[in-house]
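Please look over the sequence and the model before reading on, and keep both at hand. The paragraphs that follow go from the whole chain to single residues and back out to the cores.

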Amino acid sequence: MSDPPVFIDVSTGVYDTLDTNNEIKIKEEVNLASPKPEFDDLLTVKSNKFKCPECNYLSRKQELVDRHILKVHRGENPFQCFMCDYTTSNKGNFAEHIRRHEGKKPFKCSYCPHRNVSKKNLKKHELIHRPDNPLKCPHCDYISKHQREFGSHTRKFHCTQNGVLTCVKCQTTFDDQNSLTDHVKSQLTCEKCTFVACDAGILEKHLVNHRQKRIEKKKSLWTCSICSWSSCKHPKILLHLIHHPNQEVNGIDVSILQKHGIM
């Protein structure tokens, strides 16, 4: 059986329920004073953001608020490298910096074997592979990254003096481009630096300088008293001292390790 119909008088706030069986009207008061939602409440949106207690900075992550407080209100960077004095407020830059210490290059070029520690720098590198690259040699397949390198390549492999093809290292002249290219490819490169020689005797004289430097470096070599590991490079020594800090170190600046309580 369906409910009886309801009649409402909006002016008086009274509604009638009609009993169709007994034809009796039952009047009941309607409480028009029932609480309604305030207009301001309808405009209020609950925020899920975290607020800085010292200014109006807002963020959806408490971690970002903590970084903001350290950077802006404390004058400190939240990310501090334990291997050097580098500090930053940027998490991505800090991760990239640590990869440099570790020698990691996770980002690989899609066109060549080049790898990079930074995704941003890799994208810059990949620009050299674009078809319209102005630094692509018109005489061979060489592609340069910088104008200076491109000029160096042109002078080295495609150099002409007074219209004559000439080697920029030994000033030997050639009748055609292929002869000059073969000559350049036969040049000898030092394994320890970028020095290039057209003659084995010249390269040997150059290597004498490296031997002398190696002797001088050996004199400045630092050796760990715990495991006999040795190096003359300050960053590597600091990294090693993190594992073997319990020893006396003379002539090595270990203030960064002392700052972090390692030594």
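A residue is called buried when its relative accessible area is under 20%, exposed when it is over 50%, and partly exposed in between, with a 1.4 Å probe and protein chains only. By that rule T88 is buried, because its relative accessible area is 10%. The model is predicted, and local features therefore need pLDDT of at least 70, side-chain atom pairs count only at pLDDT 80 or more, and totals for chains, interfaces and linings use all residues. Residues are numbered from 1 along each chain as its sequence is written, and side-chain values use heavy atoms, with hydrogens and water left out.

Taken as a whole, the protein has nine helices and 16 strands, where helices (H or I, at least four residues) and strands (E, at least two) are DSSP runs numbered from the N terminus. Of its 263 residues, 25% are buried. The protein exposes about 19700 Å², of which carbon and sulfur atoms supply 52%; such areas come from the Shrake-Rupley method with a 1.4 Å probe, and for residues only the protein chains shown count as cover. Among contacts (heavy atoms within 4.5 Å) with a separation of 6 or more, residues 24 or more positions apart account for 8%.

The UniProt record, in an unreviewed entry, places the feature "domain: C2H2-type" at residues 50-78, 79-106 and 107-134; its positions are given in the numbering used here, feature names are shortened, and annotations may be inferred rather than shown by experiment. The span 50-78 is 41% helix and 14% strand, with its end C-alpha atoms 18 Å apart. Over residues 107-134 the chain is 29% helix and 14% strand, and there the end C-alpha atoms lie 25 Å apart.

Helix α3, residues 91-102, makes a useful place to look in detail. This helix has 12 residues and reaches 17 Å from its first C-alpha to its last, close to the 16 Å expected at 1.5 Å a residue, the expected span being 1.5 Å times one less than the number of residues. Within α3, the residues F94, E96, H97, I98 and R99 are buried, and what covers the buried residues of this helix includes β6 (79-80), β7 (87-88), β8 (107-108) and α4 (119-126). At the start of α3, a side-chain oxygen of N90 comes to within 2.9 Å of the backbone nitrogen of G92, and just after the helix G103 takes a positive phi of about 75°.

T88 itself lies in strand β7, and its side chain reaches the backbone nitrogen of N90 at 3.1 Å. Leaving aside neighbours within four places in sequence, T88 is in contact with N77, P78, F79, N93 and F94. A comparable view opens from helix α4, where E126 is placed; E126 counts as partly exposed because its relative accessibility is 22%. With neighbours within four places in sequence again left aside, E126 is in contact with K108, C109, S110 and Y111, and the C-alpha atoms of E126 and K108, 18 residues apart along the chain, are separated by 9.8 Å.

Further along the chain, T166 is found in strand β11 and counts as buried because its relative accessibility is 2%. Its C-alpha atom is separated by 8.7 Å from that of K156, 10 residues apart along the chain. The loop between β11 (164-166) and β12 (173-174) holds Q171, whose phi is near 65°, a positive value in a residue other than glycine. Most residues other than glycine have a negative phi. Q171 counts as partly exposed because its relative accessibility is 43%. S228, in the loop between β15 (222-223) and β16 (230-231), likewise has a positive phi, near 70°, and counts as exposed because its relative accessibility is 54%.

Which residues make up the largest nonpolar core? A nonpolar core is a set of buried Ala, Val, Leu, Ile, Met, Phe, Trp, Tyr and Cys residues joined through side-chain atoms within 4.5 Å, and the largest has 10 residues: W222, C224, I237, L238, L241, V249, I252, V254, I256 and L257. The elements that give two or more residues to this core are α8 (234-243) and α9 (255-259), and the largest share, three residues, comes from α8. A second, separate core of six residues includes L165, C167, F174 and L180.

How values were computed:
Polar contact = N/O pair within 3.5 Å; in protein donor to acceptor, adjacent residues only side chain to side chain.
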